[in-house]
Each structure stands twice: as structure tokens, then as C-alpha cells.
Amino acid sequence: MEDVNIDESALTPRPTTQVTEEEPVGLEDEADKIIKLLTRGIRERDIVSIFGMPGLGKTTLARKIFKDSSIVSHFDVRAWLTISQSYDVRELLRDIYKQVTGVKYNGDKESDIADMLRKCLIGKRYLIVLDDVWEVKAWDELRLCFPIGKQGSRIMLTTRLEHVAMEVKHCTNPYSPRFLTREASWKLLEKKAFQKETCPPEFQDVGVQIAEYCKGLPLTVVLIGGILAKKERNVSEWCEVANNLKSHLGAVESESNLAIQLSYCYLPDHLRHCLLTMGVFREDEKFGASKLMLLWMAEGLVQCSDERGLEEVAEGYLIDIISSSLLMVSKTTFDGKVKYLQIHDLVRDFVLNKAKEEKFMQAIGIHNQYQPSYDEEHRVCIHLDHKLRHDLQRFNNKVDRFLTSGSKKGSFGQDLKSFFVTNNADDFLAYKDFWNTESNFHGTVSEVYLSRSYHFSSVGDLRLLRVLDFKNCIPGDYTNIVDILQSLVYLRYLGMCFEKFFFEWVSHMCDLETLLVDTEILGEGTPHIWKMTKLKHVDLETLLPREIFAVSEEGPSKLENLRAFKGMWLLPEDIELIERFPNLQKLLLIIIDKDFDEADSIVLKLDVLTQLQSLVLGSMCNITKYYLPSSLKELILRQVNISASATSTIAGLPNLQRLIFEGCIFEQDEWDVRDMEFPVLKILKFRGVHLRGWHVSESTSFPMLESLVLKSVELLEKIPDSFVDIGTLASIKVIYCDDNLNASALEIKEEVEATSGCDNLKVYIFPHYSREQKEKEEEYEEEEKEVEEEAASEVEAEEKDKGEEAAATAKGEAEEDKKEAATAPEVEAEEKEKEEEEEEEEEEEEAAAAAEVAVGAEVEAEEKEKEEEEEEEAAAAEVEVAIGAEVEAEEKDKGKEEAATARAEAEKKKDEEEEEEDDKVSVSSFKTFNLGFMLFLFLLLFFWSHKYKK
């Protein structure tokens with residue numbers, strides 16, 4: 001697998017919404033040891049396992065190593081996979097393929113994905129991290145994708161279980177991180193408690209004592225540090241924490257649980273409930289911060305008592321929980337805000353147990369608890385997996401019947417407020433496949449689809465529901481979907497899949513705030529959207545019928561609460577409708593044209609959206625002029641024409657920090673910004689664009705640029721020289737581009753190092769590129785071409801020889817048959833004469849013949865045994881070739897190998913034919929010997945009988 005505590009009255013100043021990734025403390029020595037294991041040792045693929053108890057910092061250590069500059073430069077490609085207890089092999093393969101190649105693979109068969117992945121890794125030095133592995137089976141299911149090779153590739157694996165680490169061991173012994181020393185524990189605790197401030201002397205003694213009570217377990221230190229960070233700067237408060245820890249001293253494992261319990265207890269009530277909602281997410285899942293906050297608002301957990309809006313208050317809640325270390329930041333946005341989060345396994349276990357204990361939520365499908373025991377909880381979350389799906393089949397996949405079976409009252413959910421069903425990607429993709437393959441959705445439905453669909457007919461009885469989320473689950477009862485949704489009048493959050501969706505299904509939901517719909521078609525209808533005045537977030541990527549936006553004589557014609565609309569597809573004449581969403585902050589807009597042959601030219605006016613911060617824009621029309629709001633921080637342009645005037649407009653945006661061109665066409669295939677400046681732009685990306693020339697000013701047009709990404713920009717051969725002078729530039733990524741562009745990126749890096757004397761600029765090139773490697777590749781391509789030509793010639797000659805040999809054989813057999821028919825009497829006479837000669841043979845000749853037969857039989861047995869061994873070896877070789885288990889990554893003569901294989905098969909066939917002839921001769925000789933031997937015995941008996949009579 002690609003980082004609240006406050007008592008409302010006694011608070012330190014509220015933290016900002018920006019979050020920075022923290023540098024791990026106390027792991028430097030551990031990291032250095034493992035880096036040596038990864039970069040030295042045998043040339044074949046090896047496995048370096050890190051094992052130890054939960055909370056020991058295995059994943060943190062692995063991630064620190066994964067990002068280390070020496071590791072980045074040493075390996076050609078790297079990928080990170082989180083396995084967990086429940087995993088989907090196909091999704092893991094897709095994930096790693098995307099990380100390795102930079103592109104998505106849409107194939108369905110595991111074998112196809114695995115084969116493509118293996119081919120991509122052949123010849124490369126790769127590092128694959130398998131995090132949180134629970135069983136050897138996970139490695140067995142993935143290992144054939146990773147070529148053994150001789151490039152020094154490595155697999156880094158983390159696990160709680162020592163026996164797993166030992167069983168997957170190849171050469172390197174598994175490594176178990178040590179506990180933190182008292183000094184390292186205090187250093188980490190001090191950093192968490194005081195952040196960038198200096199610890200006052202009066203806190204030193206009690207701080208060291210608290211660190212010692214944490215028993216060297218990093219997770220415990222971090223959690224306690226989060227508690228202290230929210231405490232008043234008072235020694236007595238710290239002493240209280242120290243006493244709590246001292247009074248519960250026990251095993252190391254219990255210390256982490258105690259730390260989690262203390263962190264939870266120090267949270268105010270409203271933040272405790274926010275934390276307990278984390279149970280809806282799967283183990284090790286990376287979930288969006290925006291989704292989490294939308295759930296909190298829908299649940300009514302966010303209280304706003306001042307002039308701030310609910311979104312701002314929810315964001316403050318999130319930062320408070322993060323600062324307590326109960327949540328981990330997985331990824332941040334370009335402007336430093338939280339984008340994705342994760343929850344530690346131990347914290348998640350605590351949350352699930354506490355949620356059940358307090359009857360806050362029941363989660364089904366975790367901790368091997370698959371039997372529902374609904375007992376007045378207001379929230380139910382079902383985590384579907386293979387085991388649970390099997391159980392549901394007993395109830396004909398009717399989820400409500402399954403849940404009712406475990407109810408103490410015999411009924412289910414009359415006062416339920418939230419209902420979640422999460423599914424793995426395998427089933428969800430099957431549903432998407434069904435959309436693409438079935439011609440009539442309401443006609444004949446395939447058995448595969450029915451076996452993967454789930455029925456929720458009784459959901460309509462849950463009239464108090466506020467949150468309903470089935471977005472990645474396959475519904476199986478569309479016939480009464482209207483009736484089901486019609487009764488849910490209090491919904492605030494709805495996430496579902498629909499083959500065809502009508503706004504009228506939800507227009508009666510006056511409290512609805514979040515609408516997440518995965519659909520292929522949006523049905524036509526009357527203007528129902530304007531009744532939904534509380535809508536805040538809409539995610540709906542499909543064409544919107546004009547009728548939906550028609551202004552009604554009655555009711556409002558604006559949605560002033562709407563903050564995000566992802567997936568607004570409009571015709572050119574409908575663009576003016578955007579004015580009716582005046583407070584949009586995020587917008588994904590696609591402008592389509594009915595006439596595909598002759599695109600319209602339009603003027604795009606979006607400057608009325610004065611609060612818009614993020615815009616994703618795609619257009620089939622030619623946009624001649626842009627009017628964009630100055631509030632924009634992020635702009636992503638997809639398949640639009642970029643003229644000089646458009647560039648000037650974009651450069652004039654004073655707050656623009658992230659700019660991405662995807663599939664865009666530049667005027668005359670050039671982008672000239674010599675007279676322009678992008679004052680605060682931090683991230684610039686080009687993906688699949690038509691760009692041959694790029695001109696910037698000598699004093700640089702991008703004074704604050706931090707990251708440049710060029711992907712599939714095939715025509716561009718050079719990065720402007722002035723990029724050397726951008727002091728803020730930290731990384732350049734070049735993916736699937738011309739080798740000249742690769743070389744240009746490396747030249748800029750060399751110049752920066754020569755000028756500054758520092759290695760501050762990181763350059764990432766995929767596929768891996770260096771000048772020496774380029775020369776070797778050219779030599780290899782020439783050799784490969786010669787080998788292929790030679791192999792093709794040999795195969796052609798062999799096929800020709802085979803044809804001539806077959807014709808000659810057929811002709812010879814025909815002549816032989818004719819000759820045999822003509823000379824049959826002569827053959828019979830010869831055979832009779834031969835029998836008479838054999839009758840006169842002496843005993844010595846018979847013994848010699850018997851010995852010869854014995855030797856022949858022995859030789860025949862040896863040859864047969866050898867043939868069987870060769871067949872076994874050939875079969876084993878075929879299996880090895882099929883599974884790729886022992887494929888050498890540096891094989892350069894594939895064509896020659898195929899020719900050799902063809903020759904070997906031909907020789908084998910010829911040997912078999914010769915052996916058959918030998919067998920025939922041996923059998924004939926043996927028969928001849930038997931006949932002679934019987935005659936000899938007859939004569940011997942006759943002789944002795946005659947002698948006896950005399």
C-alpha cells in the first residue's frame with residue numbers, strides 16, 4: 001500500500017486547520033539498520049520483515065524508511081500496500097499496478113492483473129511494502145507477481161505476528177524494533193506536548209516520569225502527549241496524569257489501552273461522540289475528512305453557537321481530535337488542510353467496543369461478530385465480507401430480515417437514526433460491470449448480479465433515519481425504491497447507487513444536506529431541486545436535464561447553502577444557471593455540446609461565484625474568454641483549448657496555488673508565459689497535453705513553485721532553464737515522457753546542486769532513467785533485434801525442414817506398403833529359413849542372446865526412466881514459466897529462448913520417434929529369442945528322452 005479533548009473552558013488557543021506531517025522521533029537507529037538490510041545483501045529478491053506488538057511503531061518506522069531519500073534513489077519503483085485482516089487480492093493488485101506504472105488497470109481477472117504487474121517489474125529494482133499482514137496466505141497470493149531477479153529487489157513486510165515473519169523469511173532474519181529508551185520517550189513526549197515550543201524547566205521531572213510510565217511504547221507516548229498538549233500549563237495537571245498512569249501500571253499492552261482510555265476520558269462529550277462514529281470505517285481504511293465532517297453535521301453532532309458556520313466548527317472538531325493523536329493524518333491538500341485520515345487499529349478496537357458498550361452504534365462484520373444483536377442502538381453499520389455474505393444468503397440477501405433475526409424485541413430499527421452498509425470493491429465493481437453488460441436493467445437479470453445484490457425493502461420503515469449510506473453496495477430491489485425513499489422525510493445524508501436516478505425521489509427531503517449518488521443516467525423531471533434548500537454537498541457525475549433547473553413560480557430559485565457540486569454537466573445555453581448557486585466553494589463543471597461535428601464558441605462567466613476555491617472544468621466547446629473569480633485556489637482544466645488570453649486570465653488569479661492541465665491543447669503547441677507571473681502557484685501539473693514548446697521569463701514566471709509534474713507530455717523535450725533559479729522548487733516528476741525531457745530534469749537537478757551545494761531538489765523519473773541505463777538499453781535493443789531475427793530464421797528453416805521431412809516420410813511409407821504387398825511370399829520364406837537356423841544354434845549362442853536381451857531391457861528401462869525424469873523436468877519448467885516463480889529478470893534473449901524451445905521440442909519429438917523404433921526392434925528381438933529358446937528346450941527334451949530309452 002502511495003500521514004478533543006479539550007475542556008471547552010480551559011483551552012489553549014485553537015489550532016489552525018493546517019496540519020503538517022510530523023517527523024518520527026526515536027527511530028533513527030532502527031531506520032538506519034533496516035535501510036542497510038534493504039540496500040545491501042543478496043542480489044535476489046529478499047524479504048525484510050518488521051514484527052512486534054501493536055503500538056510499537058512498525059508502520060511509522062516502515063513509512064519513514066519508505067520515504068528516505070537513500071531508499072528513493074536506490075530503487076527504481078516503490079509501492080505501499082496495506083493488507084489488514086480483510087483484503088481483496090484484485091484490489092491490492094490494482095493498487096500496486098497503479099503505483100508502479102502511474103496508470104489504472106481496468107482488467108477484472110486477477111491472473112491478468114498479476115501477469116501485467118509482473119511484466120512491469122521484470123528488470124527493475126523494486127521495493128514493495130506490505131503493511132499489517134495477518135497471515136502467510138496474503139503473501140502467498142501476491143508473491144508470484146514479484147520477480148525474483150538479480151537486481152536487489154526487496155519486500156518490506158510489517159506484522160504483529162512473529163510466526164508470519166518467520167514463515168515468509170527468505171534470507172534476512174525478521175527484525176523486531178526495540179522499545180523507546182527513557183530519553184527517547186521523553187523527547188517524543190516533549191515534542192507532542194509542546195509542539196515547537198520549549199519545555200519549561202519545572203515540567204522536566206514530572207515529564208520524564210510520565211515518559212517512563214509509558215514503558216517505551218510509542219503509541220502510548222503519543223497519546224499521552226496529546227492529552228498533555230490540551231492541558232493547562234500547570235505542573236499539578238501533569239502530576240494528575242502521572243498519578244493516573246502510575247495507578248494503572250501493568251503489562252505493556254495494557255499501557256496502550258490505558259492511554260487510549262485516558263485520551264477518550266479527557267475529551268468533552270461532543271468530541272467523544274464524534275470519535276465513536278469512526279466505527280463506520282473499515283480497518284486501515286483511508287477516509288476523507290470532508291465525508292467525516294458531513295456525517296457529523298448530518299448526525300447533529302456539530303453545535304454552532306457563534307457566527308461561525310457548521311463547516312468551520314466541524315473543522316475545528318477534527319483538528320482537536322487529531323491533536324489528541326486519536327486520529328492520524330494520511331494526506332493533506334495543497335494548502336495544508338486535512339484530506340485523508342486513518343485510525344490506528346487499537347484505537348478503532350476501543351471505539352467499536354465503547355460504541356457497543358454505550359449503545360451508540362452496533363457494527364456487524366468485525367471481530368468475528370457476525371450475528372446481529374440489535375438492542376436499541378441508534379446506529380447500525382454492516383461491514384460486508386465473504387463470511388457475512390454467506391450468512392446473508394440464508395435470508396435471500398435480505399439485510400433487514402437478517403438484522404431482525406438478532407433483535408431481542410423481534411422488530412428492528414423503529415428509532416434508528418443512522419444505517420451504514422460498507423462493501424468491498426470486488427462486489428461494487430461487479431455492479432458496475434452489470435451496468436455495462438446488461439442491455440435492459442429491468443429485464444432479465446443475470447444470476448451473478450442477483451447473487452451479489454442486497455435487499456433493503458424494510459428500510460422504508462426506518463422513518464427517523466438521518467443518515468443512510470449504501471453508496472458502495474449493490475441494491476437488489478429497485479422496483480419499490482420510490483416507496484422506500486418516500487417515507488424517509490428526515491434524511492440529512494444519502495449515499496446510494498442507482499442505475500437511473502430521478503430528483504423527484506428525494507425532492508421531499510427538505511432536511512437533506514448531503515447527496516452522494518453513483519448513477520449512469522439522471523432522469524428527466526420537473527424542477528424538484530429548488531425545494532431542497534438545505535443542500536450543502538452534491539456529488540453526481542452525470543448529465544443534468546435542463547428541466548431540473550427550470551425556475552418555478554412558487555418557492556425559491558436559488559440554493560444558497562450549497563457549498564460543493566461535483567458533477568454538473570451543462571449545455572452552453574445553461575451555464576447561466578450557475579448563478580443560482582452563489583456560495584459554491586467547490587465545482588466540477590463539464591460543458592457539453594449537442595453538435596459533435598462543429599463545436600460552439602462560448603464565453604465562460606464564473607466570476608459571480610465569489611467564494612469558489614476549487615474548479616474542475618472540462619469543455620467540448622471552444623472557450624474564447626474566461627471570467628474566473630479571484631478567490632480560486634485550485635484550477636484543473638480538462639480537454640480544453642488554452643489560448644494566450646486564457647493563460648493571461650489564469651496568471652492573473654492572485655490566490656491560485658494549484659494548476660493542472662489534463663489533455664489540453666495549447667495554441668500552436670506552445671505555452672508562452674514570458675510576460676506573466678503566477679505569484680503564489682505551488683503545484684503545476686501537465687497530463688497528456690499537446691505541448692512542444694514552453695517559454696518562461698528569465699526571472700522566472702513561477703517564484704513560489706514547489707512541485708512540477710509532467711506526465712505523458714510526449715512532444716516536450718526540455719524544461720525551461722530558469723527553473724534552476726526557483727528557490728522553492730522541491731520536486732520534479734517526469735512520467736512517460738521523452739528521454740530528452742528526462743535528461744533535462746536531471747540537468748536541472750545537477751545545476752541546483754552545483755549552485756546551492758545542497759540536494760534540495762528531488763527528481764523522480766518513471767520509467768527509471770539514467771544516461772548509462774539509456775546506453776545499455778540501446779545496446780540491448782540492438783542485440784534483442786538480432787536475436788529475434790536469428791530466431792525467426794531458425795524457426796522458419798525448421799518448419800520448412802519439418803514439411804519436407806513429413807512429405808518424404810509419407811512417400812516412403814507408401815512405397816514400403818507397395819513393396820511389402822509385392823514381396824510377401826519372399827518374406828515368409830526368409831522367416832522360415834531363419835527359424836531353422838535358430839534351431840541349430842548352440843547353448844552359448846542362446847546364453848549370449850539372453851544376456852543381450854537382459855542388457856537391452858536394462859538400457860530400455862534406464863532410457864524410460866531418463867525420459868520420465870526429462871518429462872518431469874519439462875513439466876516443472878513449464879509450471880515455472882507459467883507462474884513466473886523462477887524467472888530471471890535479466891533475460892535478454894526471449895526470442896532466442898523461444899527458438900531454442902522450438903528446437904528442443906523438435907529434437908524431443910525426434911528422440912521419441914527413434915525410441916519407438918528401438919522399442920519395436922527390442923520387441924522383435926525378444927520374440928525371436930523366445931521362439932529360439934523354446935525350440936532349444938524342445939530339442940533338449942527330445943535328446944534326453946531318446947537317450948533314456950536307449
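The exercises below, each with a worked solution, concern a predicted model of a protein.

**Exercise 1. The sheet**

Determine in which order the strands of the open sheet formed by three strands are arranged, and which of them stand at the edges.

Solution. Begin with the order, which is 5-7-6, with antiparallel pairing. As general background, the strands of a sheet pair through backbone hydrogen bonds, either parallel or antiparallel. Next, look at the edges: strand 5 (287-288) and strand 6 (328-332) each have a single partner strand, so one side of each is left without a neighbour in the sheet. Then examine the contact between strand 5 and strand 7 (residues 338-342), where two bridges join the antiparallel pair; Gly 288 has Tyr 340 in strand 7 as its bridge partner. Finally, note that helix 15 (residues 310-323) packs on the sheet, where it touches strand 6 and strand 7, and that its direction makes about 45° with that of strand 7.

**Exercise 2. A helix and its surroundings**

Work out how many of the 11 residues of helix 14 (residues 289-299) are buried, and what this says about the helix.

Solution. Start from the cut-off, by which a residue is buried when its relative accessible area is under 20%. Among the residues of helix 14 that are buried are Leu 292, Trp 296 and Glu 299. Counting in full gives nine of the 11 residues, so helix 14 is largely enclosed by the rest of the structure. Just after helix 14 comes Gly 300, which takes a positive phi of about 80°.

**Exercise 3. Two salt bridges**

For the salt bridges Arg 160 with Asp 345 and Lys 749 with Asp 759, describe where the partners lie and whether each is buried or partly exposed.

Solution. Take the bridge between Arg 160 and Asp 345 to begin with, where the N to O distance is 3.5 Å. This pair links distant parts of the chain, 185 residues apart, since Arg 160 is in the loop between strand 4 (154-159) and helix 7 (162-167), and Asp 345 is in helix 16 (residues 345-357). Arg 160 is partly exposed at 22% relative accessibility, whereas Asp 345, at 10%, is buried.

Now turn to Lys 749 and Asp 759, whose N to O distance is 2.6 Å. Lys 749 lies in helix 23 (residues 739-756) and Asp 759 in the loop between helix 23 and strand 29 (762-766), so the pair ties together parts that are 10 residues apart in sequence. Lys 749 counts as buried at 19% relative accessibility, while Asp 759, at 41%, is partly exposed. Both belong to a network of salt bridges that also links Glu 753 and Lys 762.

Key
Residues are numbered from 1 along each chain as its sequence is written. This is a predicted model: local features need pLDDT of at least 70, side-chain atom pairs count only at pLDDT 80 or more; totals for chains, interfaces and linings use all residues. Side-chain values use heavy atoms; hydrogens and water are left out. Two strands pair if DSSP finds at least two bridges between them. Helices (H or I, at least four residues) and strands (E, at least two) are DSSP runs, numbered from the N terminus. Contact means heavy atoms within 4.5 Å. Axes are lines fitted to C-alpha atoms, for helices over the stretch in contact, and angles run from 0 to 180 degrees between N-to-C directions. Buried means under 20% relative accessible area, exposed over 50%, partly exposed in between (1.4 Å probe, protein chains only). A salt bridge is a side-chain nitrogen of Lys or Arg within 4 Å of a carboxyl oxygen of Asp or Glu.
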